[in-house]
Amino acid sequence: MTIRVAVTVNGTDYARDVEPRLLLIHFLRDELGLTGSHWGCDTSNCGSCVVWLDAKPVKSCTLLAAMAHGHVLRTVEGLEQGGQLDPVQQGFIECHGLQCGFCTPGMLMTARWLLDHYPDPDEAQIREAISGQVCRCTGYENIVRSIRWAAEHSRADGAAEGEA
Amino acid sequence: MLSMQVPSQVEYERATSVEHALSLLTRPETRILAGGHSLIPMMKLRLAQPEVLVDINGLTELAYIRLDDGQLRIGALARHADLLDSAVAGQLYPILHDAERVVADPIVRLWGTVGGSLCQADPSEDLSAVFAATRAIAVIRGLGGNRMIPVREFHLGPYETVIGPGELLAEVRIPVQPGTGSAYEKVSRRVGDWSIAAAGAVLRLDQNQKIASAGIGLTAVGAEHFVAAQAEDFLLGRAADEESFAAAGAIAAEGCHPVVDQRGPEDYKRHLVAELTTRALRRAALRVTLEA
Amino acid sequence: MTADGHSPAPGGFGRMPRKEDQRFIRGKGMFVDDVRLPGMLYGAVLRSPHPHARVLSIDTIAAEGHPKVKAVITGETLAGLNLAWMPTLFADTQAVLATDKVRFQGQEVAFVVAEDSYSARDALELIDVEYEPLPVVVDALRALDPGAPVIRDDRPGRTDNHIFDWETGDAAATEAVFRDAEVTVAQDMLYPRVHPAPLETCGIVADFDQVTGKLTVWETTQAPHAHRTLYAMVAGLPEHKIRVISPDIGGGFGNKVPIYPGYVCAIVASMTTGKPVKWMEDRSENLMSTSFARDFHMHGELAATRDGKIRAVRVKVLADHGAFNGAAQPSKYPAGFFGVFTGSYDLEAAYCQVTGVYTNKAPGGVAYSCSFRITEAVYLVERMVDVLAFELGIDPAELRLRNLLRPEQFPYTCQTGWVYDSGDYPRTLRLAMDIAGYEKLRKEQEALRAEGRLMGIGLSFFTEAVGAGPRKHMDILGFGMADGAELRIHPTGTAVLRISVQTQGQGHETTFAQIVAEELGISPDNVEVVHGDTDQTPFGLGTYGSRSTPVSGAATAVVARKVRERARIVASAMLEVDPADLEWERGRWFVRGDPDQGKTIAEIALAAHSSLELPEGTEGQLDAACVYNPPNLTYPCGAYICVVDVDPGTGKVSVRRFIAVDDCGVRINPMIVEGQVHGGLADGIGMALMEVIAFDADGNCLGGSFMDYLLPTSLECPSWELGETVTPSPHHPFGAKGVGESATVGSPPAVVNAVIDALRPYGVRHADMPLTPAQVWRAIQGRPLRTDLAIG
């Protein structure tokens, strides 16, 4: 038994017939081939699956694809606009905010959302914003610095792009 | 712990109205899907295997937080983040903000709903104790109309509520009275973990600064209906001072039934109940003074 | 700018952003689960709910009848291929799929192959296994009791759960010092079972081509060559027909060194179905069945003078290895490098004895950035030093300063035979104390104590031993631990470096390019680093034990210097001078005394490929290869200081500050070094305060999800304060020592020492990790919990 799930992801429309039980993370990865978002745990703790649904970050392992039908999604693949890296992406490069890269897409999506709502967050706000996501490599220090870099350079360059 | 990590097969319906949802909910083995952040993890573990899911996320008429006629009314579909962001909720009942700040994590709070958390009825659910402390009323809607059940009678046991087939939780409402202060104190092993124990206190003082009413909610320690009833009774008429609070804490600790688990042994959990009840009462009293 | 006005060529050591970031920040990494092949099938493992049970029967008919299922493999199937059991990395065997018994909760029992991953998991529920539960061994301290259930009755003649006894040091000399000493202290301490829990779980895509007979696997492996050779030997496949690719790996930390049953099953499944088979474990499988770390029950003793001069250290260890001895470490070291429990101090004598036992738990032991049990050794000695400080009433920093090895003592042979290469320990500790403002912190602590508030300051000084290792001392399953490197310079002057190690996030694509840049002056952007593919890289035993920089880094420098010498010959032909008349500045050979007469490495590369006449006996091109056998380990060190505040009413610990001064010798890229340290420091907070895999009396694993196995978040970690000293390794080609595991080694004792220090007003001398709120409160009551078993 299948249902139709039609979504817009990073500006592109998709429609697939899937089992209702299919988790959104697997829909993105396996049905749509968007493997930038990852699956790292069973209990909604690690955050490597974070994507945007209607411009809000969500742990996509904890939603059914069916719940996204008719909605707008954004994933890490959609951060770059017209060949230009988003300031959060640039910030992570400048400040060594990633090592193995597995938590990175989720961190980037949360960072982008944070800066969209709080363009000048202090360290405490940044740490709070990413506290639902785990990194085993960086000890969080450079992730915080990367997001600060993006905050400072977004204001210099003008506001970041809105959602795709 | 050895589970399948993906849900078993299920049917899916999208509710177009509250009435539509209610009619779907008359079927057996049918569950509401709101934020999904309690239910879907259970389905992944295959501890929950509903036959049909009714997605009510489109029913935005159930998502509100407002002050109405002396009552703080919270729609069941209000997200945790909405409650944390609500200025009116935070002013009237700071206990709500204290608790929401430490429920899950910032991303889960964007999706999990107040109603979903209450209906999941986990013994460690912070909002259950909070609404019990505030003596909130659950508004349950059925096809025949609404019924009001005090939150203190809402839970029948772990993962079990009074909601029957063809019903859904529509709203939680808290009476607002002047001279009230409230607070929530939680200890967990790590940010986002369930409480080892938590205590919420709501105090109303009379003109003589004596306790006119006290609500004490306890999380994760097997308190009946999440309430420290004897501690509440003890406080009535007493001065809002350290001695009363410490005594109330001790009574609360005696009256609960903590389970020994990896969060802690029994003696520690009871100690924590006493300590956190005292701290919550202290802060609640302070907030009354500030408000006056 | 050099004295004669030439700019040195670009690149080399220093801070630079990473080359590999480009793909990861776009979500374009290629992790094993991202590999998709046409016709690919999906595997899932059925696991035992029982920690110890006979397997009476396995009925797979219903599973095989599932419309999407292609195959079901059991121990019986594998036994027919002689693959039901496989060798571990340490002289034992491990069941691939259970045949006679299951020996830990979560052990692999059957493997389903289906068209999609959800169906594969559905089919697991259709397999009916009949078990006869047996009594379990969960408490390691009871594993050798007479009459204890025998777990490994599969090993002929085995009548108990004993694995090995091992000792190092001089028992008699140590006993003599203890008998003579003015002060002795003893302390039991547990380093609990923890888990590396990389964010990416383990998995494989196995693709056997039935026409060519070639097996290609994409695997989450830190040791692709070792895996290839083992698959060849164990499965009887010709090794040249096996290709192991370690693509992008989402964290290793030692978890991805062993060969896991799921890998073998996927390979067998691909060979029998003729299709690619993917197996990715979920998080509960990762935590419950893959290589755990630590689980050392230690009894430590120190002998000292009343003035705090430490004279001897003695340790007795009971090592819980789980149901199979899968500890991945050099073969002569059943307890890894625990022998450096002598620590950073000048001792008269030392002795330790380690007994390894089987229990009904998952196999492993050497993982989670332990540097082969050095995490355990450092924890032991640094806790003992603080226990001594506690007993003597001496400040822990002062006590360490009185006992640290002095620079003039290096190279220092410790009492267990390890030759520490270099270090200036007092300088490193003093720097940490300066950054921390140590005196000021102690004054603040005094003031807070007077108010009844608990603040703690904890130190840890560690000596690491990394870069395994010299061929004559070290091998894994008989394979020497040398690494190869191949460097090819193209005609247009850009380069390709092929190395044995591969990265799981340590930044090798950048740092190894920087080594070539430093040696040859080719910009790091023009050096392609190839790693992780056995078809394209030289043999080596893999990345773990912080060995990449000490061994492969050395190999890279050596091979680059070979290229540089070849370039000298070519340059001498271009410039028509004697090679001995040429001098090198980074990027060019020039004529001594006539610096304008020179050739850049790019010019030389082009000429090397041209028809330029070269001296007799000289081959063209600029390629070179080498194998590097390290003469010794390298010995990074560090001084860490942790500041905590403890709420006595709740037992909650808050880490206020963490100061880390590391000495890893010469730093290729300080930005990357700092990142490695940051990550390891977070591990210390995790292990000290929240991480544990405990078991209940029935053998149920209590740490099987991230709800139970708690990892530190951004809110538990402070902003790390780093410093450095640099004492180069005298034997390493460019003086580097390796740093990947240092912070994980050094940080747990700093945090624990800080918490115990905070509890000083209550007279607490020790409490075992993890120091959860319950444990701290119980310690204050004088009744700390035993943390490896369920709280009862």
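**Close-up views of cavities, an interface and a pocket**

**View 1. The largest cavity offers about 670 Å³ of space.** Welcome to the first stop in this predicted model. Its wall is made by 49 residues, and those nearest the centre of the cavity are Gln506(C), Ser546(C), Gln676(C), Gly740(C) and Glu741(C). Three helices of chain C each give two or more residues to this lining: H13 (508-520), H14 (548-575) and H16 (670-689). Of these, H16(C) gives the most, with seven residues. If you sort the lining by class, you will find 25 polar, 18 nonpolar and six charged residues. For context, searching the whole structure turns up eleven cavities of 30 Å³ or more.

**View 2. The second largest cavity holds about 220 Å³ of space and has residues of chains A and C close to its centre.** Here 16 residues form the lining. Chain A places Trp39(A) among the residues closest to the centre, while chain C places Asp33(C), Tyr42(C), Ser117(C) and Met280(C) there. Several elements supply at least two lining residues each: from chain A, helix H1 (24-31), and from chain C, strand E1 (41-47), helix H4 (117-124) and strand E14 (277-280). The lining divides into seven nonpolar, six charged and three polar residues.

**View 3. Chain C meets chain A through 54 residues on its own side and 47 on the other.** Together the two chains bury about 4300 Å², and 54% of that area is on carbon and sulfur atoms. Have a look at Ile25(C), Tyr118(C) and Leu199(C): within chain C these residues lose the most area to chain A, together 19% of what that side buries. Which elements of chain C give two or more residues to the side that touches chain A? They are helix H1 (21-24), H4, helix H8 (283-289) and H16. The largest share comes from H16(C), with eight residues. H16(C) is also the helix that gives the most to the lining of the largest cavity. By class, the chain C side of the interface has 23 nonpolar, 18 polar and 13 charged residues.

**View 4. Salt bridges and polar contacts cross the interface of chain C and chain A.** How many salt bridges are found across this interface? There are seven. A salt bridge joins Asp33(C) to Arg29(A), with their closest N and O atoms 3.1 Å apart. You may recognise Asp33(C) from View 2, where it is one of the residues closest to the centre of the second largest cavity. In addition, 26 residue pairs are in polar contact between the two chains, counting pairs with both residues at pLDDT 80 or more.

**View 5. The second largest pocket, with about 890 Å³ of space, has residues of chains B and C close to its centre.** Its lining has 36 residues. Closest to the centre are Val102(B), Lys186(B), Ser188(B) and Val191(B), joined by Lys652(C) from the other chain. The elements that give two or more residues to this lining are helix H6 (106-111), strand E11 (180-187) and helix H11 (266-291) of chain B, together with strand E32 (653-663) of chain C. Which element gives the most? That is E11(B), with four residues. Sorted by class, the pocket lining has 16 nonpolar, 14 charged and six polar residues.

How values were computed: Residues are numbered from 1 along each chain as its sequence is written. Chains are lettered from A and ligands numbered from 1 in the order in which they are written. This is a predicted model: local features need pLDDT of at least 70, side-chain atom pairs count only at pLDDT 80 or more; totals for chains, interfaces and linings use all residues. Side-chain values use heavy atoms; hydrogens and water are left out. On a 1 Å grid over the protein atoms alone, a cavity is a set of points where a 1.4 Å probe fits but cannot get out, and a pocket is an open set with protein on both sides within 12 Å along at least five of seven lines; lining residues have an atom within 4 Å of a point. Grid points are joined across faces, edges and corners, and a volume is the space filled by probe spheres set on the points. Ala, Val, Leu, Ile, Met, Phe, Trp, Tyr, Cys and Pro count as nonpolar, Asp, Glu, Lys and Arg as charged, and the others, Gly among them, as polar. Contact means heavy atoms within 4.5 Å. Buried area is the accessible area (1.4 Å probe) that two parts lose on being put together, summed over both. A salt bridge is a side-chain nitrogen of Lys or Arg within 4 Å of a carboxyl oxygen of Asp or Glu. A polar contact is a pair of N or O atoms within 3.5 Å; within protein, one must be able to donate a hydrogen and the other to accept it, and residues adjacent in sequence count only if both atoms are side-chain atoms.
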